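Subject: Structure handover

Hello,

Here is the structure I promised to pass on. Please open it next to this message and follow along.

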Amino acid sequence: GGDWLVPRYQGQPFFDKPILSYWAMAAAMKVFGTNPAAARLVPLVASLLLVLATAGLGVLLFDRRSALAGGVILATTVAFLSFARVAMSDMLLALFSTLSVALGLRAYRARSALALVGLGGALGLGFATKGPVALLVPGLALLLLVWQRRSRPMSWRGWPALPWRPGALCLAV
């Protein structure tokens, strides 16, 4: 309807979910027309990116062969293929959650300021997609990583100086 601030469902204001999914689908409809295919384009693109993010996380955790297998297995499951074509926010949430874990792992291992900033952005976009659950799921995975490596305490020495905190980026997004 042209109102980018108030999401609507069947003509009524609908504030049950954060707005990023609505914005993405509205942008797709603006470009490709108001039709179901345009709305379904967002989860389709998110699912393709999710397969890549899953493979990237697999490389960080295991090796290229395992990463490829994980990506192929994900891309061929019935539930994944079903959700990839439904105009819902679930694929975006899965994408941003997987990216958050991969970027958090990269930042932890390589002490990468860029990965840390990316982590803040991915968490912020996840929060704008589905709310606090987008912080909870990757947060638990990253806490598990830190707990698993508790014998080697994390030090902030050697990290590049950041002009802003990644948490601020998360909140800004």
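A salt bridge is a side-chain nitrogen of Lys or Arg within 4 Å of a carboxyl oxygen of Asp or Glu. Keep in mind that this is a predicted model.

**Salt bridge**

The structure holds one such bridge. Its partners are K130 and D90, whose side chains meet with an N to O distance of 3.0 Å. The pair joins distant parts of the chain, with the two positions 40 residues apart. K130 belongs to helix 6 (residues 113-130), while D90 belongs to helix 5. Are these two residues buried, partly exposed or exposed? K130 has a relative accessibility of 21%, so K130 counts as partly exposed. D90 comes out at 22%, so D90 is partly exposed as well.

**Helix 5**

Helix 5 covers residues 90-110. Two of its residues are worth a stop: S97 and T98.

S97 has a relative accessible area of 11%. Buried means under 20%, so S97 is buried. Which residue has its C-alpha atom 6.9 Å from that of S97? The partner is V137, 40 residues away along the chain.

T98 has a relative accessible area of 16%, so T98 is buried too. What does T98 touch, leaving aside its neighbours within four places in sequence? The contacts are L50, A53, T54 and L57.

**After helix 5**

Next, go to the loop between helix 5 and helix 6, where you will find S112. S112 is buried, at 17% relative accessible area. The S112 side chain reaches the backbone nitrogen of L114, at a distance of 3.4 Å.

**Aromatic pair**

How many aromatic pairs does the structure hold? There is one. The rings belong to F14 and Y22, and their centres are 6.3 Å apart. A pair of aromatic rings is described by the distance of the centres and the angle of the planes. For F14 and Y22 that angle is 85 degrees. Planes over 60 degrees apart count as edge-to-face, so this pair is edge-to-face.

Both ends of the pair can be checked for exposure. F14 has 25% relative accessibility and counts as partly exposed. Y22 has a relative accessible area of 25% and is partly exposed.

**Where to look**

Start with K130 and D90, the salt bridge. Then view T98 with its contacts, including L50 and L57. Finish with the rings of F14 and Y22.

Best wishes

Notes. Residues are numbered from 1 along each chain as its sequence is written. This is a predicted model: local features need pLDDT of at least 70, side-chain atom pairs count only at pLDDT 80 or more; totals for chains, interfaces and linings use all residues. Side-chain values use heavy atoms; hydrogens and water are left out. Rings of Phe, Tyr and Trp (its six-membered ring) pair if their centres lie within 6.5 Å; planes under 30 degrees apart count as stacked, over 60 as edge-to-face and the rest as tilted. Buried means under 20% relative accessible area, exposed over 50%, partly exposed in between (1.4 Å probe, protein chains only). Helices (H or I, at least four residues) and strands (E, at least two) are DSSP runs, numbered from the N terminus. Contact means heavy atoms within 4.5 Å. A polar contact is a pair of N or O atoms within 3.5 Å; within protein, one must be able to donate a hydrogen and the other to accept it, and residues adjacent in sequence count only if both atoms are side-chain atoms.
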